[in-house]
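Take a walk through this model, beginning at the ligand and moving outward to helices and loops. Keep the sequence and the structure side by side.

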Amino acid sequence: MEIITSIEQIREISENIRKNGQSLAMVPTMGCLHEGHKSLIDKARKENDKLIVSIFVNPMQFGPDEDYDNYPRDLEADSKLCQNAGVDYIFHPKADEMYPNSFSTYVEPCKQMTDILCGISRPGHFRGVCTVLAKFFSIIRPNRAYFGQKDAQQLAIVKRMVKDLNLNVEITGCPIIREEDGLAKSSRNLYLNEDERKAASILRKSILLGLKEIDAGQKSSQKVLDTIKSNIEKEKLAKIDYVEILDFDTFERVDDIQGNILIALAVYIGKTRLIDNIVI
Ligand code: AMP
């Protein structure tokens, strides 16, 4: 496995892979890799001849008050995980390699899909995500790219970008990998102290409570939202950012629970903002 930092070099490597008639996959990440990332890497490894994992903490997707500088970074551990998982190349560019001073072109994602959920509390976030991914896809030109359902809104927005811009890459979504108590694995879980870590299981528990109500025949989104919110509010360390029930195809709020539904939430546990969701 090689770690590549220059755009020119990874472009040349990717071109040679394509010339050899081999399929090429990419798993975009911000590093600090855990079993969630590894599930994407394993699937990509199985389904393709060559595999590039990008490790890039993308400054453009962080707001001014967010944790860009303190975002956890551990290239040594990440390299070991990638090596053991059979990754061929890590692409690990510096921020100024991706965004030189002259940089001034951005990808503006579908407004209907960004004016809700994380797009409200993180303005500009998905613009940063789409811009960096459009660059990666243009540099590497992978046949396939793998994303986690944990970031359901990101996955939907990326699929829409690929469709709208006719990008020649197949986007694959992968299931959420969880801790034993149901908390979705995330690099940000490292920020939680012992009490907060215990409290954080409230996200999944509350979604499951809502699901139980739906399974028992509840059709009113408002009723299910009330159940989920009041359960989260019982946890002293938790503060709700949003809880939403949407049509997963249109991203519109729904009154009645029917069809393809996304229940998504973001909750602060102490100062750490965690997300989770379920598609039903
Ligand atoms: P990140 O490094 O947080 O940008 O995540 C990189 C990719 O890994 C994204 O597609 C995430 O959705 C995915 N991912 C992160 N955590 C998980 C998880 N617990 N289960 C599945 N995929 C995940």
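A polar contact is a pair of N or O atoms within 3.5 Å. The model is predicted. With that cut-off in hand, start at the ligand. A backbone N or O atom of Ile-177 lies 2.9 Å from a ligand nitrogen, so the pair is within the 3.5 Å that defines a polar contact. The protein covers 93% of the 480 Å² that the ligand exposes when taken alone.

Two further pairs involve oxygen atoms of the ligand. Gly-148 places a polar backbone atom 2.9 Å from a ligand oxygen. Asp-151 uses its side chain instead: a polar atom there lies 2.6 Å from an oxygen of the ligand.

Now widen the view to the whole shell. The ligand is surrounded by 17 residues. The closest are His-37, Gly-148, Asp-151, Ile-177 and Lys-185. By type, the shell holds 8 nonpolar, 6 polar and 3 charged residues. Which elements each supply at least two residues of this shell? They are β2 (24-29), α2 (35-47) and β5 (144-148). Helix α2 gives the largest share, with 3 residues.

Follow α2 to one of the ligand's closest neighbours. His-37 lies in this helix. At 14% relative accessibility, His-37 is buried. The chain also brings a distant part of the sequence toward this position. His-37 and Ser-186 are 149 residues apart in sequence, yet their C-alpha atoms are 9.0 Å apart in space.

Step back along the chain into the loop between β2 and α2. His-34 sits in this loop. His-34 is buried, with a relative accessible area of 19%. A polar atom of the His-34 side chain lies 2.9 Å from the backbone nitrogen of Gly-36. Cys-32 belongs to the loop between β2 and α2 as well. Cys-32 is also buried, at 13% relative accessible area. Its backbone deserves a look. Most residues other than glycine have a negative phi. Cys-32 is not a glycine, but its phi is positive, about 55 degrees.

Arg-141 offers another positive phi. Its value is about 45 degrees, again in a residue that is not a glycine. Arg-141 lies in the loop between α7 and β5. Is this residue buried or partly exposed? Arg-141 is partly exposed, with a relative accessible area of 48%.

Turn next to helix α1, residues 7-19. How far apart are its end C-alpha atoms? They are 18 Å apart, which agrees with the 18 Å that 13 residues should span at 1.5 Å a residue. The buried residues of α1 are Ile-7, Ile-10, Ile-13, Ser-14 and Ile-17. Viewed down the axis of α1, these buried residues fall within an arc of 130 degrees, so they line one face of the helix. The spacing fits a general rule. An α-helix has 3.6 residues a turn, so residues three or four places apart point the same way. On the face of α1 turned away from the buried side are the exposed residues Glu-8 and Lys-19.

Helix α3 can be read in the same manner. Asp-78, Ser-79, Leu-81 and Cys-82 are its buried residues. They cover an arc of only 165 degrees around the axis, so they sit on the same side of α3. The face turned away from that side carries the exposed residues Glu-76, Lys-80 and Asn-84.

Look ahead of α3, into the loop that joins β3 (50-55) to α3 (75-84). Gln-61 lies there. At 10% relative accessibility, Gln-61 is buried. Its side chain makes a polar contact of 2.9 Å with the side chain of Asn-58.

Further along the chain is helix α8, residues 152-164. Its 13 residues reach 18 Å from first C-alpha to last, close to the expected 18 Å. Its buried residues are Ala-152, Gln-153, Gln-154, Leu-155, Ala-156, Ile-157, Val-158, Met-161 and Val-162. Just after α8, Asn-166 takes a positive phi of about 50 degrees.

Finish with helix α7, residues 125-140. Ala-134 lies in this helix. Ala-134 is buried, with a relative accessible area of 17%. From Ala-134 to Asn-101 the distance is 18 Å, C-alpha to C-alpha, across 33 residues of sequence.

Definitions and conventions
Residues are numbered from 1 along each chain as its sequence is written. This is a predicted model: local features need pLDDT of at least 70, side-chain atom pairs count only at pLDDT 80 or more; totals for chains, interfaces and linings use all residues. Side-chain values use heavy atoms; hydrogens and water are left out. A residue is near a molecule or strand if one of its heavy atoms lies within 4 Å of it. A polar contact is a pair of N or O atoms within 3.5 Å; within protein, one must be able to donate a hydrogen and the other to accept it, and residues adjacent in sequence count only if both atoms are side-chain atoms. Accessible areas come from the Shrake-Rupley method with a 1.4 Å probe; for residues, only the protein chains shown count as cover. Helices (H or I, at least four residues) and strands (E, at least two) are DSSP runs, numbered from the N terminus. Ala, Val, Leu, Ile, Met, Phe, Trp, Tyr, Cys and Pro count as nonpolar, Asp, Glu, Lys and Arg as charged, and the others, Gly among them, as polar. The expected span of a helix is 1.5 Å times one less than its number of residues. Buried means under 20% relative accessible area, exposed over 50%, partly exposed in between (1.4 Å probe, protein chains only). The arc is that of the directions from the helix axis to the C-beta atoms.
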